[in-house]
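This briefing is meant to be read slowly, with the sequence and the model open beside it. It begins with the word "buried", then goes from the whole chain to single places in it.

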Amino acid sequence: MKERLFHFLFPEVCIVCGKLLMPSEYGCCSSCMNAFETFPDCTAAGHTLLHSIESHFRGKCSFERAYCRYVYHRNSPLQKALHAMKYEGMFNLGKAFGRELGVWILDAVPSESIDCLVPVPLHPLKRIDRSFNQAEKIAEGMAEVFHKPVRSDILVRTVYTATQTGLAISERRKNLEGAFRTPLSDIPGRILLVDDVVTTGSTVVAAASALRNGGAGSISVAALALTGKE
Ligand SMILES: [Zn+2]
């Protein structure tokens, strides 16, 4: 009741189309959510993501499985929504995206195949600046569907990197070498690594490398979106 009254007094609008939101919607209306470009099939999307990462890392990528929901383009409505999620503090939108991704994956794969979700961490200084980690919010949304824990404690980012946008793959890789480490000795066997947008895969490959060195048995990767060809 309180929520309804609050919504009546302070109606919110969709970050993409500007229409008034329903009380059950957060940040983005359901028709915009449904209009974002998606991959047609979960398995095919996974192969596309794996192939994209392998094409940049030639055999250095050994993800067990890969999952991806959306195709990301610059200046698209999806970019607008993800930008708002990341930079305008709309963390509940991250959770909503995470639930979408979780349902999409569970249609194809049982949740028993993983032990926990591990969001790609931000450097502590960046996290303070942004106040939350968008990958963690996506993982929290996925966890509501998977009923598996989010383990933000087993991977930390020790190197501060400026935005990777516009950098060549070699520069991205160099910037991220040794950027992550695992502070714990007891690492779960089957990990699903979670990130928001994968472009070249440099970040998830560096994160997976740290998890593998820390003792993880199998690592899969779930990205909300993969950058499409412009
Ligand atoms: Zn909308």
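A residue is called buried here when its relative accessible area is under 20%, exposed when that area is over 50%, and partly exposed in between. At 8% relative accessibility, Cys42 falls under that cut-off and therefore counts as buried. Please keep in mind throughout that this is a predicted model, in which the mean pLDDT of the protein is 88 and 93% of its residues reach 70 or more.

**Confidence**

- Confidence in the protein is not even along the chain: the lowest mean, 58, belongs to helix α1 (residues 2-9), while the highest, 97, belongs to strand β2 (residues 116-119).

**Overall build**

- The secondary structure of the protein comprises 9 helices and 6 strands, and because its radius of gyration of 17 Å is close to the 17 Å that the globule rule gives for 230 residues, the protein is as compact as a globular protein of that length.
- Measured out along its principal axes, the C-alpha trace of the protein spans about 50 × 40 × 35 Å.
- Of the 230 residues in the protein, 49% are buried.
- When contacts between residues at least 6 apart in sequence are considered, 74% of them join residues at least 24 apart.

**The zinc site**

- The zinc ion is coordinated by the SG atoms of Cys14, Cys17, Cys29 and Cys32, at 2.3 to 2.4 Å, and along the chain these donors follow the spacing C-x2-C-x11-C-x2-C.
- Cys14 and Cys29 both lie in the loop between α1 and α2 (30-35), so this pair ties together parts that are 15 residues apart in sequence.
- The angles among the 4 donor atoms of the zinc ion run from 104 to 116 degrees, and the site is tetrahedral; for comparison, the ideal angle for four tetrahedral donors is 109.5 degrees.
- Two of the donor residues can also be described by their burial, since Cys14 is buried with a relative accessible area of 2% and Cys29 counts as buried at 5% relative accessibility.

**Cysteines and disulfides**

- A search of the whole structure finds 0 disulfides, and Cys42, which is in no disulfide, has as its nearest cysteine sulfur that of Cys68, 9.3 Å away.
- Why does Cys42 count as buried? Its relative accessibility is 8%, which is under the 20% cut-off.
- Cys116 is buried as well, with a relative accessible area of 1%.

**Ala222 in strand β6**

- Ala222 lies in strand β6 (residues 218-227), and at 0% relative accessibility this residue counts as buried.
- Leaving aside neighbours within four places in sequence, Ala222 is in contact with Tyr67, Leu101, Ile105, Met142, Leu192, Leu193, Val194 and Asp195.
- Ala222 and Ser31 are 191 residues apart along the chain, and their C-alpha atoms are separated by 24 Å.

**Ser52 in helix α3**

- Ser52 is found in helix α3 (residues 42-57) and is buried, with a relative accessible area of 15%.
- Which residues does Ser52 contact, leaving aside its neighbours within four places in sequence? The contacts of Ser52 counted in this way are with Thr199 and Leu226.

Definitions and conventions:
Residues numbered from 1 in each chain as written. Predicted model: local features only at pLDDT ≥ 70, side-chain atom pairs only at ≥ 80, totals over all residues. Heavy atoms only, no water. Disulfide = S-S within 2.5 Å. Buried < 20%, exposed > 50% of the residue type's maximum accessible area, 1.4 Å probe, protein only. Helix = DSSP H or I, 4+ residues; strand = E, 2+ residues; numbered from the N terminus. Contact = heavy atoms within 4.5 Å. pLDDT = per-residue confidence, 0-100. Donors = N, O, S within 2.8 Å, 3.2 Å for Na, K, Ca; no water. Tetrahedral: all angles 85-135°; square planar, octahedral: opposite > 155°, others 65-115°. Rg over C-alpha atoms; globule rule 2.2 N^0.38 Å.
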